Amino acid sequence: MNKGYQEIKSTLNEAEAADMIERVARFIAERHLAPAGILFLESVRPLHGIGAQFMYFVLPFAEVIFDSQKYQRFALMIENEENLKRLIQRIDEMDEEINRERRAEAKLKRKRRRNQFKAFFAKLIRTKDKKS
């Protein structure tokens, strides 16, 4: 924890906002929290200005837990509604990217299981026909 004086930032440039959006989206999507995250962000999006001001209000207490500069950048990012929309869109895209391979593997696994099931019953029926 940095105990030195840290100036409160008042602006956020586009590159910092894009970097923050990418990090937050990756954090949420990798933990498979994308649907819950999108639902939460969509529901609180109308209150983005109040939420950002509340984050500044609790900043002295949040500095104990979080990095002050990152916390302020996140508060600045959510202050702009366009950034929240981009964050929601990026979470959705990243969730799709991360889970595409997992879904393909699950589909292949279901197909294999179905074929094993069919082969088992085909073998069972053939053995009964040979006995009779």
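## Close-up views of an all-helix chain

Of the 132 residues in the protein chain, 26% count as buried. Keep in mind that this is a predicted model.

**View 1. The whole chain has 6 helices and 0 strands.** Reading along the sequence gives the pattern α-α-α-α-α-α. The radius of gyration is 25 Å, well over the 14 Å that the globule rule gives for 132 residues, so the chain is more spread out than a compact globule. Along the principal axes, the C-alpha atoms fill a box of roughly 90 × 30 × 25 Å. Contacts between residues 24 or more positions apart make up 77% of those with a separation of 6 or more.

**View 2. Here is the largest nonpolar core, with 24 residues.** Look for L41, M77, I78, L87 and I91, which touch the most other members. Each of the helices α1 (14-30), α2 (34-44), α3 (48-57), α4 (59-65), α5 (68-79) and α6 supplies at least two residues of this core. The biggest share comes from α1, with 6 residues.

**View 3. M77 and the residues it touches come next.** Leaving aside residues up to four places away in sequence, M77 touches L12, A17, M20, I21, N83 and L87.

**View 4. On the surface, F117, F120, F121, L124 and I125 make a nonpolar patch of about 490 Å².** F120 is found in helix α6, which covers residues 81-131. Is F120 buried, partly exposed or exposed? Its relative accessibility is 48%, so F120 counts as partly exposed. In soluble globular proteins, nonpolar side chains tend to be buried together. For the protein chain overall, about 10,100 Å² is exposed, and carbon and sulfur atoms supply 59% of that area.

Terms used:
Residues numbered from 1 in each chain as written. Predicted model: local features only at pLDDT ≥ 70, side-chain atom pairs only at ≥ 80, totals over all residues. Heavy atoms only, no water. Patch = residues over 30% accessible without salt bridge, like charges linked within 9 Å, V, L, I, M, F, W, Y side chains within 5 Å. Areas by Shrake-Rupley, 256 points an atom, 1.4 Å probe, with all protein chains shown as cover. Salt bridge = Lys/Arg side-chain N within 4 Å of Asp/Glu carboxyl O. Helix = DSSP H or I, 4+ residues; strand = E, 2+ residues; numbered from the N terminus. Buried < 20%, exposed > 50% of the residue type's maximum accessible area, 1.4 Å probe, protein only. Core = buried A, V, L, I, M, F, W, Y, C linked by side-chain atoms within 4.5 Å. Contact = heavy atoms within 4.5 Å. Rg over C-alpha atoms; globule rule 2.2 N^0.38 Å.
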